[in-house]
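I opened this entry to keep track of what I looked up, strand by strand and helix by helix. The notes follow in the order in which I checked things.

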Amino acid sequence: MQGPSGTAKRPDHLVDRHPTVTPERLVAQLVPPPTFTHVGFDNYRPDPAEPSQAAAVEKCRAFVAEAVTRRAGKKKLFGKREVLPGVGLYLDGGFGVGKTHLLASSYYAVPDGPGHHKAFATFGELTQLAGVFGFVESVELLSDYAMLCIDEFELDDPGNTTLISRLLSQLVERGVSIAATSNTLPEQLGEGRFAAQDFLREINTLAAIFTTVRIEGPDYRHRDLPPAPQPPSDEEVAARAAQTTGATLDDFDALCAHLATMHPSRYQALIEGVEHVFITGVHPLDDQSVALRMVSLTDRLYDAGIPVVASGAKLDTIFSEEMLAGGFRKKYLRATSRLLALTAAGEQR
């Protein structure tokens, strides 16, 4: 990016941004993220070696058809219709097997029109929605939807899990069908039922409505990718940022500190309009709160398809072995997978 005098323009900084998120924006955000705008069942490419992937497509198609039919209801006397309770689908599998692609495809497969409202949210966005509008208001807001898609359903916060379980129970009774994804650890790929049982136990009031669909396979984000490259120097990162349109440049510690000043629900607004993120001085994290905020930012960057270039430690080393052995292991592994994909994209530009 060149300035008016022909010199490189000083890039923007995420730490200079202080976004706000209105209730109206929270509702407007209930759509698949930009990187999944053009997905569909027809462009999901199942791994030929994993028949469960092709089978999952057909099960998702059937789920959408059932959800739409139930929302339409059944005829009663005098021409009135009674909305039937919703149904549920849980996509269970490891990292990078296309669960979010199938979830977004299910969202888009619901035809537009009266009675066919649909919503797509991460678990965190849904809890934020309930916090802003209140429980009763959230039920009223979503009760005329045909389908609610929840990406990365989280089971590590009992309070939030109970809240959302109650919310979903009310919505299902009103004819809203629920599709959800969550992650099984890669080394548990032979133990799919264990992950599904965890999910269903935590949302026990909804367990009966959910059909579990197991999706096997390796992380597609790393198919044919070389190992993480040696990071460039701070000076190289700064120079590239100065020459890149739509770039931001931040020091890792300063960025982590800035993330602590806002709720993760604002991270999507934080990166709005950004085309490329450059970070200097990356190092392993030793504070779990900082690490979890970095996970949330990584998810938003990945959803938006924003490449990352970083100096310092390799991005697959920022979460310590102690963290990876703890209760948030799934989140850290998912973030690592996504960071590697984003850095690979950054190297290609």
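**Helix packing, then strands**

I began with the helices and noted that α2 and α3 cross in the right-handed sense. The model is a predicted one, and in it I find α2 (residues 51-72) and α3 (residues 99-109) packed at an angle of about 35°, their axes lying 10 Å apart. When I listed the residues that make this contact, I found A56, V57, C60 and V64 on α2, and L102, S106 and A109 on α3. Sorted by type, the residues of this contact are six nonpolar and one polar, with no charged residue.

I turned next to strand β3 (residues 88-93), where six of the six residues are buried. I recalled that side chains in a regular strand alternate between the two faces of the sheet, and I therefore looked at each side separately. On one side of β3 I have G88, Y90 and D92, on the other L89, L91 and G93, and all of these are buried, which leaves both faces covered. For its pairing I noted that β3 runs parallel to β7 (residues 210-215) over six bridges, and that D92 has R214 of β7 as its bridge partner.

Last, I asked why strand β8 (residues 247-251) is largely enclosed by the rest of the structure. I put this down to burial, because four of the five residues of β8 are buried, that is, under 20% relative accessible area. β8 pairs with β9 (residues 276-282) in the parallel sense over five bridges, and within that pair I find D250 opposite I279 of β9.

Notes: Residues are numbered from 1 along each chain as its sequence is written. This is a predicted model: local features need pLDDT of at least 70, side-chain atom pairs count only at pLDDT 80 or more; totals for chains, interfaces and linings use all residues. Side-chain values use heavy atoms; hydrogens and water are left out. Buried means under 20% relative accessible area, exposed over 50%, partly exposed in between (1.4 Å probe, protein chains only). Helices (H or I, at least four residues) and strands (E, at least two) are DSSP runs, numbered from the N terminus. Two strands pair if DSSP finds at least two bridges between them. Axes are lines fitted to C-alpha atoms, for helices over the stretch in contact, and angles run from 0 to 180 degrees between N-to-C directions. A crossing is left-handed if the near helix is turned anticlockwise from the far one by less than a right angle, and right-handed if clockwise. Contact means heavy atoms within 4.5 Å. Ala, Val, Leu, Ile, Met, Phe, Trp, Tyr, Cys and Pro count as nonpolar, Asp, Glu, Lys and Arg as charged, and the others, Gly among them, as polar.
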